[in-house]
Amino acid sequence: MGIATAVIADAKAYQQVLKAHKTVFMLFVSQHCPACGEAGPLFERIAGKYASSVKSLVLDTAQTPRHPEVTGTPTLLVFQNGEMVEKLKGFDEKTLSETFAKTRISPPTSTAPSPTPESRHPSHQ
């Protein structure tokens, strides 16, 4: 299946990903799931906006050990600080966008810090 972007080999690997990143979005898909064909690209498009602050994975259930929270595909699991905070069984663009917003993450708008009065050089005040 073309949309899988990662393979997790075992339960230990799940924990390593969760420990290494504050916020993790895991989308579980299946090759035999018609809805996954739309969910994967939609997820990748929206998740791409948050690539600097979120770890996003698309996992094919045929190549990844079973996760106890995944009983069908597509299923999105959202973790913050190692704890699951959201579970979606299927979603549309609005729901997915709202899920990112609920994690209080916003896409970066600029990498340059805004000047503050305290950061100005004394000669410019």
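1. A useful place to enter this predicted model is helix α1, whose buried residues pack against β1, β2 and β3. In this helix, which spans residues 11–20, the buried positions are A13, Y14, V17 and L18. They lie on the same side of α1, because they cover an arc of only 140° around the axis. The face turned away from that buried side carries K12, K19 and A20, which are exposed.

2. For orientation, the protein has three helices and four strands, and from the N terminus on these elements follow the order α-β-α-β-β-β-α. The protein contains 125 residues, of which 37% count as buried. If one takes the contacts between residues at least 6 apart in sequence, 70% of them join residues at least 24 apart. The exposed surface of the protein comes to about 7,700 Å², and carbon and sulfur atoms supply 51% of that area.

3. The second helix, α2, covers residues 36–48, and from its first C-alpha to its last its 13 residues reach 18 Å, which is close to the 18 Å expected at 1.5 Å a residue. Its buried residues are C36, A39, G40, L42, F43, I46 and A47. The elements that cover these buried residues include β1, β2, β3 and α3, with β2 running over residues 55–60.

4. Helix α3, made up of residues 93–102, has L96, T99 and F100 as buried residues. These residues cover an arc of only 95° around the axis, and therefore they sit on the same side of α3. K94 and K102, by contrast, are exposed on the other side of this helix. The partners against which the buried residues of α3 pack are α2 together with three strands, namely β1 (23–29), β3 (75–80) and β4 (83–89).

5. The pairing of α2 with α3 deserves a separate look. Two packed helices are described by the angle between their axes and by the distance between those axes. Here the axes of α2 and α3 come within 10 Å and cross at roughly 35°, and the crossing is right-handed. On the α2 side the contact is made by L42, F43, R45, I46 and A47, while α3 contributes E93, L96, S97 and F100. Among these, L42, F43, I46 and A47 are also listed as buried residues of α2, and L96 and F100 are buried in α3.

6. Two loops can be read together through H32 and T73, which are 41 residues apart in sequence and whose C-alpha atoms are 9.3 Å apart in space. H32 belongs to the loop between β1 and α2. Its relative accessible area is 73%, so H32 counts as exposed, the cut-off being over 50%. From T73 to P74 the peptide bond is cis, with omega near -5°, and P74 is found in the loop between β2 and β3.

7. A last backbone detail concerns N81, which is placed in the loop between β3 and β4. Phi of N81 is near 50°, and this is a positive value in a residue other than glycine. N81 counts as exposed, because its relative accessibility is 58%.

Note on methods. Residues numbered from 1 in each chain as written. Predicted model: local features only at pLDDT ≥ 70, side-chain atom pairs only at ≥ 80, totals over all residues. Heavy atoms only, no water. Helix = DSSP H or I, 4+ residues; strand = E, 2+ residues; numbered from the N terminus. Buried < 20%, exposed > 50% of the residue type's maximum accessible area, 1.4 Å probe, protein only. Contact = heavy atoms within 4.5 Å. Areas by Shrake-Rupley, 256 points an atom, 1.4 Å probe, with all protein chains shown as cover. Arc of directions from axis to C-beta. Expected span 1.5 Å × (residues − 1). Axes fitted to C-alpha atoms, helices over the stretch in contact; angles between N-to-C directions. Left-handed = near helix turned anticlockwise from the far one by under 90°.
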